[in-house]
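Biologist: I should like to go through this structure with you, one element at a time. May I put some questions on its strands, helices and core?

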Amino acid sequence: LSAKPVSDPAKTLPDGSYTLTLNSSYQKGALRVIIKGGSGATMTCDIPTGCGNGIVFGQPTPLSDTFRLAAVTPAPGSTTVSVHINALTDLADKIAAKDGYNKASSITGANDRIRQAFSLGADITSIKSIDITKASSIGSGDLNSRQLALVSAALLSAVAKGDEANFEKRLSDFATQVGTDGGLVKNDDD
């Protein structure tokens with residue numbers, strides 16, 4: 001996995017989707033896609049208790065310059081890529097990082113470990129995100145999309161632990177700990 005950008009940056013659409021076109025720097029192999037905050041980037045607050053600073057469930061919450069979510073996938077089948085990125089793919093990314101992203105089996109294994117931990121029925125990088133703050137989105141999503149959205153919101157709520165204004169840092173710290181542990185640990189008090 002090279003740290004060199006293999007695509008121009010892309011902006012996500014309001015529904016969170018995007019498409020990247022890989023450039024000539026891409027030399028096959030694993031692909032890590034990162035969503036960054038800053039520059040007016042927002043995310044819909046799906047923490048039931050709100051996202052702090054007066055932002056309630058369903059409202060856009062600004063993302064700081066340090067906000068990052070990532071997903072890693074084995075070699076894509078084409079030069080046009082759309083990997084779905086969320087809190088769960090970020091956990092898998094941190095597990096794969098522990099192995100240095102060196103083997104496709106490590107990347108697939110990390111994604112699968114998180115998929116199994118939350119009983120999802122598909123590869124977590126292929127599940128389209130839905131906006132659980134809107135009934136119309138919930139109704140239009142498939143079972144995996146609905147389940148992933150609910151689990152992601154529950155995870156954000158759990159890591160925020162009443163400190164919603166700092167959910168970005170708390171999520172980052174939790175994902176780093178999952179990577180250090182090599183997976184989710186039962187009864188982890190931190």
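The exchange below concerns a predicted model.

Biologist: Is strand E5 largely enclosed or open, and how many of its six residues are buried?
Modeller: A residue is called buried when its relative accessible area is under 20%. Strand E5 covers residues 68-73, and because most of these meet that criterion, the strand is largely enclosed by the rest of the structure. The number of buried residues is five of the six.

Biologist: Which residue of E5 stands opposite Leu31?
Modeller: Strand E2, residues 31-36, runs antiparallel to E5, and six bridges join the two. Within this pairing, the residue of E5 opposite Leu31 is Thr73.

Biologist: Where is Pro74, and which residues does it touch?
Modeller: Pro74 lies in the loop between E5 and strand E6 (80-81). Its relative accessible area of 24% makes it partly exposed, and its C-alpha atom is 8.8 Å from that of Arg32, although the two are 42 residues apart along the chain. Leaving aside residues up to four places away in sequence, Pro74 touches Gly29, Ala30, Ala104, Ile107 and Thr108.

Biologist: Why do the buried residues of helix H5 line one face of the helix?
Modeller: The buried residues of H5 (residues 167-181) are Phe167, Glu168, Leu171, Ala175, Val178 and Gly179. Seen down the helix axis, they fall within a limited arc, so they line one face. On the other side, Lys169 and Thr180 are exposed. The arc that holds the buried residues is 110 degrees.

Biologist: What covers the buried residues of H5?
Modeller: Both strands and helices take part in the cover. The strands include E3 (42-44), E4 (60-62) and E5. The helices include H1 (87-98) and H4 (143-160).

Biologist: What phi does Gly182 take, positive or negative?
Modeller: Helix H5 has 15 residues and reaches 21 Å from its first C-alpha to its last, close to the 21 Å expected at 1.5 Å a residue. Gly182 comes just after this helix, and its phi is positive, at about 80 degrees.

Biologist: Which residues have the most contacts inside the largest nonpolar core?
Modeller: In soluble globular proteins, nonpolar side chains tend to be buried together. Here the largest nonpolar core has 43 residues, and E2, E5, H1, helix H2 (104-117), H4 and H5 each supply at least two of them. Not counting residues up to four places away in sequence, Ile114 touches Leu88, Leu91, Ala92, Ile95, Ile124 and Leu184. The residues with the most contacts inside the core are Leu88 and Ile114.

Definitions and conventions: Residues are numbered from 1 along each chain as its sequence is written. This is a predicted model: local features need pLDDT of at least 70, side-chain atom pairs count only at pLDDT 80 or more; totals for chains, interfaces and linings use all residues. Side-chain values use heavy atoms; hydrogens and water are left out. Buried means under 20% relative accessible area, exposed over 50%, partly exposed in between (1.4 Å probe, protein chains only). Helices (H or I, at least four residues) and strands (E, at least two) are DSSP runs, numbered from the N terminus. Two strands pair if DSSP finds at least two bridges between them. The expected span of a helix is 1.5 Å times one less than its number of residues. The arc is that of the directions from the helix axis to the C-beta atoms. Contact means heavy atoms within 4.5 Å. A nonpolar core is a set of buried Ala, Val, Leu, Ile, Met, Phe, Trp, Tyr and Cys residues joined through side-chain atoms within 4.5 Å.
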